[in-house]
Amino acid sequence: MECRGHGYWSHALLVTLVSSAVTLLLFAFNHCSSPISIPAPSASAAAVELLRLADSMLLSPPATPIARSSQSLASNASLLDDRTVRSEGTHRQKQKNKKKKKSDGDDGTVEEELAMARAAIRRAASRRANASSVPAHGEDVPLLSTIYRNPTAFFRSYTEMERRFRVYVYEEGEPPLVHEGPCKNIYTTEGRFIEEMEITRPDSAGRRRLRTWDPARAHAFFLPFSVTNMVHFIHRPSPYDHTTFKRFVADYVDVIASKHPFWNRSAGADHFMLSCHDWGPHASRSNPNLYKNSIRALCNANTSEGFDPRKDVSIPEINLYTGHVPRQLLSPRLPGLASRPYLAFFAGGLHGPIRHLLLRHWKGRDADLPVHEYLPHGLDYYSFMLRSRFCLCPSGYEVASPRVVEAIYAECVPVIISKSYVLPFSDVLRWESFSVSVAVEDIPRLKQVLEGVSTAELSRLREGVKAVKRHFVLNQPAKRFDVFHMILHSVWLRRLNTKLE
């Protein structure tokens, strides 16, 4: 399948970031006995609470299935209880599915397979691992265990995903609004994920792909529409009018629900969409069940705008102008700390209140901390990143920033300055092991905060950045543990925590 880059830059929806206390409940690896129920901390305690929770949680087992009813869940999402939903299938269909065991390693029905995976992950999670106890698997094994909440549990979950997880991709719809997406701009993640899901060939190692053409064997269902292409091709010129593309999404879901039984049996809870456009959350509101029940994989992972980390997936925003990683960042040996004279670096437009505050306090103020609204002509953006120990990643009008991934590529420690942002893959990654988080209120004392990071701690953070880089790379074709598979793994975790009966 040819990846078509459209080179289109749409204007971001101008919204006001709402400052609020949030609890970022993540699907990481520890608790296995009961569904998670934790009171929301105060705003000042939110960051501390997040680290505590993420280090002590594992997938909660699905709750007891709810009672059967003749009413369709497609029109009554209130029947959902702790991500446990009822299947509309008859007893005859269930018996048929049980008999439909394949010779390719499947162990039973879809729900039986998920139950086996949950049990295997719980066993692994009970064995907190250090680097030496991570199961060996050639060069594919992550080498630095400290970047993971629980490396043994993560590795077991990932291998269970490879063994069992199957995704059915709906074939309805025509390009470019469906089955295609942009691959050469700030929305690259969206286009490249759709492209990879559409590929039919085996992967480079000859392993079975995660896509299945038998929906009865699928654990999850992908809705392959591109919000970015909708905005580009059918959006009305009014900057706040979402009517046209929301109508398209609503009609598309209606077609899926009318032609297939899978959406209605779960109220969309085992379905997922993916969007890196700022308006992805708005598109999901076109259907109540898509918004409330389905897994939404979004770059704009803002809890103050309805992102729910219990069921939604935060994905990284990756800006590839040419479709490839910038050549300056491809060197196998990037500069070490001794060759990085700048404390921190930022260059970017006046885009949202956080950047406004950053530029007001630091633009042109300190030679050790070069902060630019726009980089002067003749200066190279990536050269500054390669010569900086920290790279500032403030949110714009939306929470995600491509600078996070660019910093990781440059082996420059990301400094996250945001509110209400659920960081990508934080269900398994310990972001505190390879990044620094600075509160918006601390922007005036930014230099003091960063200079307070000791040399030993900075070296530890850079080792974490090097180790985690593999999880943020877009490969063609996709490779184990890369960003495509990490996105699917996050979807896999949410699906594990959703039980259909």
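A disulfide joins cysteine 391 to cysteine 412, with 2.2 Å from S to S. The model examined here is a predicted one, and the bond is a good place to begin a tour of its cysteines. For readers meeting the term afresh, a disulfide is a covalent bond between the sulfur atoms of two cysteines. The link of cysteine 391 and cysteine 412 is right-handed, with 110° about the S-S bond. Distant parts of the chain are brought together by this pair, whose members are 21 residues apart. Cysteine 391 sits in strand β10, which covers residues 388-394, while cysteine 412 belongs to the loop between α13 (403-409) and β11 (413-417). Cysteine 391 has a relative accessibility of 1% and therefore counts as buried. For cysteine 412 the value is 0%, so this residue counts as buried too.

Another cysteine deserves a word here. The closest cysteine sulfur to that of cysteine 393 is in cysteine 391, and because the two are 6.6 Å apart, they are too far from each other for a bond. A disulfide calls for sulfur atoms within 2.5 Å. Cysteine 393 is itself buried, at 3% relative accessibility.

The surroundings of the bond can be followed further through methionine 385, a residue of helix α12 (residues 381-386). Methionine 385 is buried, its relative accessible area being 1%. Setting aside neighbours within four places in sequence, methionine 385 is in contact with both Cys391 and Cys412, the two partners of the disulfide just described. The other residues in contact with methionine 385 are Arg340, Phe345, Arg403, Glu406, Ala407 and Ala410. With arginine 340, the separation along the sequence is 45 residues, yet the C-alpha to C-alpha distance from methionine 385 is 8.8 Å.

How many disulfides does a search of the whole structure find? The search finds 2. Besides the bond already described, cysteine 276 and cysteine 299 form a disulfide, and their sulfur atoms are 1.7 Å apart. This pair also links distant parts of the chain, its two cysteines being 23 residues apart. Cysteine 276 is found in the loop between β5 (271-275) and α9 (280-284), and cysteine 299 in the loop between β6 (295-298) and β7 (313-314). The torsion about the S-S bond of cysteine 276 and cysteine 299 is about -65°, so this disulfide is left-handed, whereas the link of cysteine 391 and cysteine 412 is right-handed. Both cysteine 276 and cysteine 299 are buried.

Terms used
Residues numbered from 1 in each chain as written. Predicted model: local features only at pLDDT ≥ 70, side-chain atom pairs only at ≥ 80, totals over all residues. Heavy atoms only, no water. Helix = DSSP H or I, 4+ residues; strand = E, 2+ residues; numbered from the N terminus. Buried < 20%, exposed > 50% of the residue type's maximum accessible area, 1.4 Å probe, protein only. Contact = heavy atoms within 4.5 Å.
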